[in-house]
Amino acid sequence: MILKLENITKKYSKVTALDSINTSFETGHIYGLLGRNGAGKSTMIKTITGKIYPSEGRILLDNLDPTMNESAKRNIYSIGEDNPFVSDEKVKKIFKEFAYYTNRNFEDMCALAESFELNINKSWEKQSTGYRTIFKDILALTSPSNFIFFDEPILGLDATHRENFYQLMLEKFSPDKCFVICMLRKTLTLACGMKAAFLYLNN
């Protein structure tokens, strides 16, 4: 499967966040989306996932517009800085809801949480920054979608948890998956030996 961005531009009043972006992502590959703060990384991901609409250009998944085609839209998943969760809801309950509505495996999510020592009986709002990131990473790693976009997936993680995330990402990766990791620096030449293609945004 191929996800294409054709002449994607996003403007906010007089500010151009994305300027004529042409690129593609293909299953069976891991990509690093790199750039400084304000370069447009999160804007690009939100545009791809339909959270915001481009000012110009189009996005196609195997020649289908994911904003118009529900099956194509289901094949793209992202999680990042946004927190669309009820603040006092326990992580375990959120996992159950995602398992029910999005075809994730509840036991798999709980097993990943245990590997990170994430307390699933603790509410979302009481988790530290690092454990909120881990929680989001688990939702991404267990998503059935083919294209997974990780926005700052190691934010607040210590060295042990970072290594665990990278190892689990490799374990979850498969030829029918495409992982895109959005980061500030080129940190994907990892100790675990993962290789990735890099796309740089320089707005």
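**Close-up views of a predicted model**

**View 1. Strand E1 meets strand E4.** Let us start with a pair of strands: strand E1 (residues 2-12) and E4 run antiparallel to each other and are joined over five bridges. Within this pairing, look for Thr 9, which stands opposite Glu 56 in E4. As you explore, please keep in mind that this is a predicted model.

**View 2. The open sheet and the helix that packs on it.** Stepping back a little, we find an open sheet formed by three strands in the order E2-E1-E4, with antiparallel pairing. Strand E2 (15-26) and strand E4 (56-61) are the edge strands, each pairing on one side only. Direction ignored, neighbouring strands of this sheet are turned by 15° against each other on average. Helix H1 packs on the sheet and touches E1, E2 and E4. The direction of H1 makes about 60° with that of E2. As a friendly reminder, strands of a sheet pair through backbone hydrogen bonds, either parallel or antiparallel.

**View 3. Lys 41 in helix H1.** Staying with the same helix, we can pick out Lys 41, which lies in H1. Is Lys 41 buried or exposed? Its relative accessible area is 7%, so Lys 41 counts as buried. Another residue to find in this view is Glu 152, which is 111 residues from Lys 41 along the chain, with 9.9 Å between the two C-alpha atoms.

**View 4. The largest pocket and its lining.** Here the focus moves to empty space: the largest pocket holds about 670 Å³. It is lined by 30 residues, and those closest to its centre are Thr 49, Lys 51, Ile 76, Tyr 77 and Ser 78. Which elements each supply at least two residues of the lining? They are helix H1 (41-48), helix H2 (70-74), strand E5 (76-79) and helix H3 (91-102). Sorted by class, the lining of this pocket has eleven nonpolar, ten polar and nine charged residues.

**View 5. Glu 89, in a loop and buried.** Follow the chain into the loop between E5 and H3, and you will come to Glu 89. With a relative accessible area of 11%, Glu 89 falls under the 20% cut-off and is therefore buried. Leaving aside residues up to four places away in sequence, Glu 89 touches Ile 94, Glu 97, Ser 123 and Trp 124.

**View 6. Glu 125, in a loop and partly exposed.** Our next stop is the loop between helix H4 (106-115) and helix H5 (129-141), where Glu 125 has its place. The relative accessibility of Glu 125 is 40%, so this residue counts as partly exposed. Its contacts, again without residues up to four places away in sequence, are Ser 87, Asp 88 and Arg 132. Of these, Ser 87 is 38 residues from Glu 125 along the chain, and the two C-alpha atoms are separated by 4.8 Å.

**View 7. The whole chain as a backdrop.** To place the close-ups, it helps to look at the protein chain as a whole, with its six helices and eight strands. Read from the N terminus on, the elements follow the order β-β-β-α-β-α-β-α-α-α-β-α-β-β. The chain has 203 residues, and 48% of them are buried. Among contacts with a separation of 6 or more, 69% link residues 24 or more positions apart.

Methods: Residues are numbered from 1 along each chain as its sequence is written. This is a predicted model: local features need pLDDT of at least 70, side-chain atom pairs count only at pLDDT 80 or more; totals for chains, interfaces and linings use all residues. Side-chain values use heavy atoms; hydrogens and water are left out. On a 1 Å grid over the protein atoms alone, a cavity is a set of points where a 1.4 Å probe fits but cannot get out, and a pocket is an open set with protein on both sides within 12 Å along at least five of seven lines; lining residues have an atom within 4 Å of a point. Grid points are joined across faces, edges and corners, and a volume is the space filled by probe spheres set on the points. Helices (H or I, at least four residues) and strands (E, at least two) are DSSP runs, numbered from the N terminus. Ala, Val, Leu, Ile, Met, Phe, Trp, Tyr, Cys and Pro count as nonpolar, Asp, Glu, Lys and Arg as charged, and the others, Gly among them, as polar. Two strands pair if DSSP finds at least two bridges between them. Axes are lines fitted to C-alpha atoms, for helices over the stretch in contact, and angles run from 0 to 180 degrees between N-to-C directions. Contact means heavy atoms within 4.5 Å. Buried means under 20% relative accessible area, exposed over 50%, partly exposed in between (1.4 Å probe, protein chains only).
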